[in-house]
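Me: Hi! Could you take a look at this one with me? I'd like to talk through the aromatics and then a few other things.

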Amino acid sequence: MSLASTPSTADDASVEYPESDGKPMGETDWHIEWTLRLRELLKFRYQDQKVYVASDLLVYHQEGVPRDFVVPDGFVVLDCDPRKRRTFK
């Protein structure tokens, strides 16, 4: 899954964006291993570039609507600060 290349810079403090969906995640050993492997391969592919690579992270894709989210196995955002995040808005 690939998101738009320009993330929102607005951070409205009046909107609460949870950092957990409150649901337990059940995954097989193979799923976890492949998710981590894919993430590392993508990070290697985009090293030293302005690209954010993540997996199993809450992604809020509509600003101001915290109930509208996805948690993809992996995603890449081009032209984005690669810093660590707790969620992606």
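**Aromatic rings and strand 1**

Reply: Happy to! A good place to begin is the one aromatic cluster formed by Tyr17, Tyr60 and Phe69. Keep in mind that this is a predicted model.

Me: How many aromatic pairs are there in the whole structure?

Reply: The search turns up five. One of them is edge-to-face, because the ring centres of Tyr17 and Tyr60 are 5.0 Å apart and the planes are at 70°. Tyr17 comes from the segment before helix 1 and Tyr60 from strand 2, 43 residues apart.

Me: Are those two buried or exposed?

Reply: Tyr17 and Tyr60 are both buried. Another pair is Tyr52 with Phe88: the centres are 5.6 Å apart and the planes at 15°, so this one is stacked. It joins strand 1 to the segment after strand 4, across 36 residues.

Me: Nice. What sits over the ring of Tyr52?

Reply: That's the charged end of Arg85, 4.3 Å from the ring centre. Arg45 similarly lies over the face of Tyr46, at 4.7 Å from the ring centre.

Me: Switching to strand 1, which residues are on its two sides?

Reply: Val51 and Val53 are on one side, Tyr52 and Ala54 on the other, and all are buried. Strand 1 pairs with strand 4 in the antiparallel sense over four bridges, and Phe75 is the bridge partner of Ala54.

Me: And where does pLDDT stay under 50?

Reply: Over residues 1-9. The chain averages 85, with 84% of the residues scoring at least 70.

Key: Residues numbered from 1 in each chain as written. Predicted model: local features only at pLDDT ≥ 70, side-chain atom pairs only at ≥ 80, totals over all residues. Heavy atoms only, no water. pLDDT = per-residue confidence, 0-100. Contact = heavy atoms within 4.5 Å. Buried < 20%, exposed > 50% of the residue type's maximum accessible area, 1.4 Å probe, protein only. Pairing = 2+ DSSP bridges. Phe/Tyr/Trp six-rings, centres within 6.5 Å; stacked < 30°, edge-to-face > 60°. Lys NZ or Arg CZ within 6 Å of the ring centre and 35° of its normal.
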